[in-house]
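Please look over the sequence and the model that follow, and keep both at hand while reading. The paragraphs after them go through pockets, rings and one buried side chain in turn.

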Amino acid sequence: MGTMSRPRVVVLDYGSGNLRSAERALARVGADVQVTCDYAAARNADGLVVPGVGAFAACMTGLRAVGGDELIEARLAEQRPVLGICVGMQILFGRGVEHGVETAGCGAWEGLVERLKAPIVPHMGWNLVEVPSGSRLFAGIEHERFYFVHSYAVRHWEAQGDNERPPLVTWTPYDGDRFVSAVEDGPLAATQFHPEKSGDAGAQLLANWLDMLR
């Protein structure tokens, strides 16, 4: 583990994602941050952040090219924390469908990433979230707004097998639809919104996640 004051966090550079803003946001709340695709560094860090923007299929291609799918699986098997952001959250699910083409994801959770059914897509801007009781990620910020920009999401939560402690799932309503906006599941956490673009609330969420690394 890193020191009590500065957990070591790797932001995984696999060719997709808002790397520098995530790096700056994590550093501001007390992390010792490295942006890299180095497998050993990412495997051994206190926390791993998997960002992602753009298309599900392209993100999966980039992730596999640097061994990111194996890296996430290895860390979770050792109960080492991983945080997915935006498409970095989506690729943790079983599969994604874009323009009629289905792509396999990492499969950490069962579920389908699909296009939102709202009248206006992409969903862009600030929105409230419906936080389940017991959330550590949203401690103290349960009623805050977070910044979203996406056209796809998980709209139906699927049962996750024989899980003694089921994941905590946060939902967001949007224009007649709703989608999964965050998940907390042991060492694995993820947000559909961008905490690094969500002002003070996003900073507090990242700080809460860092506290979970200690």
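Which helix gives the largest share of the lining of the second largest pocket? In this predicted model, that share comes from helix 4, residues 68-77, which contributes 5 residues to the lining. The second largest pocket holds about 260 Å³ of space, and of the 13 residues that line this pocket, Ile-72, Glu-73, Leu-76, Ala-108 and Leu-188 are the closest to its centre. Sorted by class, the lining of the second largest pocket consists of 7 nonpolar, 2 polar and 4 charged residues.

The largest pocket can be described in the same terms. About 430 Å³ of space lies within the largest pocket, and its lining is made by 18 residues, with Arg-136, Arg-165, Asp-185, Gly-186 and Met-212 lying nearest the centre. Strand 12, strand 13 (188-191) and helix 6 (199-213) are the elements that each give two or more residues to this lining. By class, the lining of the largest pocket divides into 9 nonpolar, 4 polar and 5 charged residues.

From the pockets we turn to the aromatic rings, for which the count comes to 9 aromatic pairs. In one of these pairs, the ring centres of Phe-148 and Phe-179 are 5.5 Å apart and the ring planes stand at 80 degrees, so the pair is edge-to-face, a class that requires an angle over 60 degrees. This pair links distant parts of the chain, since Phe-148 belongs to strand 9 (residues 145-150) and Phe-179 to strand 12 (residues 177-185), with their positions 31 residues apart in the numbering. Phe-148 has 0% relative accessibility and therefore counts as buried, and Phe-179, also at 0% relative accessibility, counts as buried as well. Ring pairs join Phe-148 and Phe-179 with Phe-138, Phe-146 and Phe-193 into a cluster. Another kind of arrangement involves Trp-171, where Arg-178 lies over the face of the ring, at 3.7 Å from the ring centre.

Is Trp-209, a residue of helix 6, buried or exposed? Because its relative accessibility is 1%, Trp-209 counts as buried, the cut-off for that class being under 20%. Leaving aside the neighbours within four places in sequence, Trp-209 is in contact with Val-9, Leu-26, Gly-47, Leu-48, Val-49, Pro-81, Val-82, Leu-83 and Leu-137. Among these partners, Val-82 is 127 residues from Trp-209 along the chain, while the C-alpha atoms of Trp-209 and Val-82 are separated by 9.7 Å.

Technical notes:
Residues numbered from 1 in each chain as written. Predicted model: local features only at pLDDT ≥ 70, side-chain atom pairs only at ≥ 80, totals over all residues. Heavy atoms only, no water. Phe/Tyr/Trp six-rings, centres within 6.5 Å; stacked < 30°, edge-to-face > 60°. Helix = DSSP H or I, 4+ residues; strand = E, 2+ residues; numbered from the N terminus. Buried < 20%, exposed > 50% of the residue type's maximum accessible area, 1.4 Å probe, protein only. Lys NZ or Arg CZ within 6 Å of the ring centre and 35° of its normal. 1 Å grid on protein atoms, 1.4 Å probe; cavity = no way out; pocket = protein on both sides within 12 Å on 5 of 7 lines; lining within 4 Å. Points joined across faces, edges and corners; volume = space filled by probe spheres on them. Nonpolar A, V, L, I, M, F, W, Y, C, P; charged D, E, K, R; others polar. Contact = heavy atoms within 4.5 Å.
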